[in-house]
Each structure stands twice: as C-alpha cells, then as structure tokens.
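Thanks for coming. I will walk through one structure this morning, starting with a small piece of it and working outwards. Please have the sequence and the model open.

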Amino acid sequence: MIQFFNTLSGEKEPFAPLVPGEVKLYTCGPTVYDFSHIGNLRAYVFEDLLKRFLQFRGFRVAHVMNITDVDDKTIRGANAQSVSLNEYTKPYIEAFFKDLNVLNISPADHYPRATEHIAEMVRIIKALLEKGIAYRTDASIYFSIAKFPGYGKLSKINLDQLRSTKRVESDEYEKESAQDFALWKAPKEGEPYWDTEIGPGRPGWHIECSAMSSKFLGPTFDIHCGGVDNIFPHHENEIAQSETYFGKPVVNYWLHCHHLIVNGEKMSKSKGNYFTLRDLVQKRQVKPMALRFLLLSTHYRKVLNFTFEALEQAEAAWQRIKDFLYELEHHAFPSGKNSDSQKLLEETNDRFVEGLSDDLNISVALTALFELIKKTNVLIKDGKICADDAKDTVSFVYSLDRVFALLPSKKDMDLADELRPKIQEREQARKERNFKRADEIRKELLEAGIILEDTKDGVRWKILEKRG
Ligand SMILES: [Zn+2]
C-alpha cells in the first residue's frame, strides 16, 4: 500500500487514484522572471521522485506543469529592460528546461504557459461573475471568499480574521489574513493586457493554475504539488475558484514540500547565500548529480539545510554507488550464483519499496541501498559473490535508479570507460602544446561517432546521431 501525507486532511492517507493504474499530477511551475534557485529545484526534484516512484510501481503518470509568464514580477522585469514580456521571459524559460535536464528531472507531458491560456481563464472568471461569486471593482474582478464556504480548508487559516471587504490585488499577500483576491486585473499604464469579453486586463496568478490544470487533467485530478509557500494563498485560492466553477472537489491529494535554507538561514540575494544551479555548477564546479542527491536525500516534508559540507557528503555518497558498480563490473568473480547475495537483493528491494511507499520515506530507501553496498562488499571479501550475483546486483541497482535517477545510463558508462584514456591522452597533448596529436585524437573519435566539446568545466563528449 502506498500512502501520502495529504495537506488537506493533515494525515497520511492510502493512495488510490481516480482511475486504477493512472495518476493525474499537477505541479506548480516556475514564474519565469529569473533563474530557478535551489529552493525551487528542491521542489522539482521532490516532484520527480514522486513521479518516478509511481512509475516504478507501475502507474502511468500524466504530468502537467505550468509556466507563469505573466505576473507582477515578469511585467516589472520586462519594463525595467524595455522589452516585451515574451522577449523577457524567453531566456528564463530556456534556462528552466536546461536546469531540469541537468538535474535528470524527467519532463512533464505538458508545460502550458499562462499567456497562451487567457481564453480558458476568461471562461472561468465569466462564470464566477454570473454565479455572483466574483464582482467588479475599478475594472478589476475579485473573488468574494465569504461566498465560498470551504475557504480555508487547505491552509487552515483563521477565518476570524476574514476581511472580505478588504481586497488585495497582489498575488502574494499577507500569510495571516484571508482577503478577496484578484481574478482579473484592470489594465495599467505600461502593462500588457488582453482585450476579452470580460473587459481588457490581465489574469491574476491563481486563476492560471485552475484553468490549466482542468484543461489538461479534467475538473478533478489525483495529486497537486507545490512548496509549502504555495498552500496559502495560491492553492487555497485555486480550490475556491475551481470548486465554485466545477461544483466538485478539484484535487484528492495535496502534497507540499518544505523550505530549503542555507547554513541555517533563509536564502536571500542580499545575504549572499542565494544559489542557482548555474552558480553552483559553473562557479563552484559542483557536480549536478551530487546536488540532486543532496536535494533528494532529505524527506520532502522536512526543512532541507543546504551547506557545502552536506554537498561534499552527498558527492561522496554518490561516488560510492558508482564505485560499487565499477567494482562489480570489473572484478573477476567465480561463475555461478550465491543464495546470500540473492537474498540480500530481495530484502533490499522490499525495504526500498516499503520505505518509499510510506510517504516517500527516502531515508529508508537510501539506507537500504547503502546497506546493500556494505553487505555485498563483505560478501565479496569473503569470496561469496559469484558472476551471476555481480550481474544481478548491477541490474538491481540500475532498477532502483529508475527512481533515484543519479546514474548515467549503463551504455554511456561503458562508453565513458573506453573513452577516458583517449580523452586523457588528448588533454596531455594539449598541455604539451602538441596540437597536432590532440587534433588527430579528436578526428579519430569523430570518425567513431564521438564529438568532443571543450567547456569551462572540462571536456565533454557526446554521441553523434548515427548517419545512414
Ligand atoms: Zn500554481
């Protein structure tokens, strides 16, 4: 049985999707006014773990992640640089996809953009006006939270402080007070707007997720994720809008991941403890998979304290998995099979599945893997690992890695082993300024279908598309 902690009930609940075998998942995506920081990336890695584990357990997962490309921040940024909203957000959207790729985060099925779904949002707002739940003031349209009886059920906000007469235009407002929020914002000098049947203007942030989740996943879907920061007001408001519009529950399981702090402090640009993936990889030569390991290794409902010491430990742990596989693949073992080793694989698998089934308890799953490494090493020392065991253990670790996603694909690893001496020889030739030899090696590899790229972070290689 799989169970998840549902923010809505405040309890762990057995997980059962609406349609057996299929999971509909919506995760709040980036607001593309800047590069993603490691706190954002923590949420994306948690969501990736969730999705990969569900897939590992045989579910088909339909995953949608929105891209907020119009809001107060993107408009401010575009205006500051005197460029259009599109021009301003484009490089950040590209950077976002690159980050996901670098961290081995498997892509969603859809990445709908807010600016491309204005019609869907207008349709909902119009209906909310007709129902008398939304009202107009100064050419903006607000949601009257007093008219939605379930308001506060997700965030458990204290409704004694409900000030329904007070309206708020900003999407991110005081965490303690419930207020009527903007669905549609009247045009302002120098801001982009859309001419629509509810009047000219632009959408609020919350309506975007209601419109795009229902478009791709239907009015009710299984899991909605985000950071704890999203619970109020964003997700509370999403529930209010969607449930008023559709007249039924919108999400069955709400999963939220906790904050990331740096050296025990809140991350902020002014403190100099604010990191993007670029900062870490390019300026500090951090290995992306070490970062993935670190982001993954703290349970999603706990605060993650990022330190460079923890990052070093994560890299060492990651290296340990790779060394273990290398040893199993390159050591000569006697032929045959040993029951001790086979039993160990079964036990490890059970603990791994049990751990992650319990609200994604990653510590149990990782401990199971590292115990396997420790115990197998003892078996190797005692001469109790045979060739079949070694082979089975390697494929078993790769099967777990369908969830962890920390290892390069096996084919790439084999190729990397073969290439390493050649690449080193070329590096040496370049150091000795023997560019002729360096060039020869480059050409040799190119003929074999391998292209070398010299980057700031060293030599990278990739396989050319097969010709013919
Ligand atoms: Zn959202």
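Start with a sheet of three strands: it is open, its order is β14-β13-β15, and its pairing is mixed. Please keep in mind that we are looking at a predicted model. The edges of this sheet are β14, residues 265-266, and β15, residues 304-306, and each of them pairs on one side only. β13 covers residues 260-262, and its pairing with β14 is antiparallel, with two bridges. Within that pair, V262 is found opposite E265 of β14.

Now the whole protein. What does its secondary structure come to? There are 14 helices and 17 strands. The C-alpha trace spans about 80 × 55 × 50 Å along its principal axes. There are 468 residues in the protein, and 37% of them count as buried. If we take contacts between residues at least 6 apart in sequence, 72% join residues at least 24 apart.

Next, the domains. The division is into domain 1, residues 3-257, domain 2, residues 265-404, and domain 3, residues 410-463. Between the C-alpha centres of domain 1 and domain 2 there are 34 Å. Their contact involves 23 residues of domain 1 and 22 residues of domain 2. Which elements supply at least two residues each on the domain 1 side? They are β1 (3-6), α1 (38-56) and α3 (85-102). Of these, α1 gives the largest share, eleven residues. Sorted by class, the domain 1 side of this contact holds 14 nonpolar, five polar and four charged residues.

Let me stay with β1 for a moment. Its partner is β2, residues 11-14, and the two pair in the antiparallel sense over four bridges. One bridge to point at joins F4 to E13 in β2. The hairpin they form has four residues between the strands, and in it G10 takes a positive phi near 70°.

Also in domain 1, look at T31, which sits in the loop between β3 (22-27) and α1. Is T31 buried or exposed? T31 is buried, because 22 other C-beta atoms lie within 10 Å, and the cut-off for buried is 20 or more. Beyond its neighbours within four places in sequence, T31 has contacts with T68, D71, K73 and T74. T89 is 58 residues away from T31 in sequence, yet their C-alpha atoms are 9.0 Å apart.

Last, helix α12, residues 387-404. How far should its 18 residues span? At 1.5 Å a residue, the expected span is 26 Å, and the end C-alpha atoms are 25 Å apart, so the two figures agree. The buried residues in α12 are D389, A390, T393, V397, L400, V403 and F404. Viewed down the helix axis, these buried residues fall within an arc of 115°, which means that they line one face of α12. And what covers them? The cover includes α1, along with α8 (288-297), α9 (308-330), α10 (339-357) and α11 (362-381). Just after α12 comes A405, with a positive phi of about 55°.

One element links two parts of this talk. Helix α1 gives eleven residues to the side of domain 1 that touches domain 2, and α1 is also among the elements that cover the buried residues of α12. That is the end of the tour.

Definitions and conventions
Residues are numbered from 1 along each chain as its sequence is written. This is a predicted model: local features need pLDDT of at least 70, side-chain atom pairs count only at pLDDT 80 or more; totals for chains, interfaces and linings use all residues. Domain bounds come from an automatic or database domain assignment. Two residues are in contact if their C-beta atoms, placed from the backbone, lie within 7 Å. Ala, Val, Leu, Ile, Met, Phe, Trp, Tyr, Cys and Pro count as nonpolar, Asp, Glu, Lys and Arg as charged, and the others, Gly among them, as polar. Two strands pair if DSSP finds at least two bridges between them. The expected span of a helix is 1.5 Å times one less than its number of residues. A residue is buried if 20 or more other C-beta atoms lie within 10 Å of its own, exposed if 12 or fewer, and partly exposed in between; C-beta atoms are placed from the backbone. The arc is that of the directions from the helix axis to the C-beta atoms.
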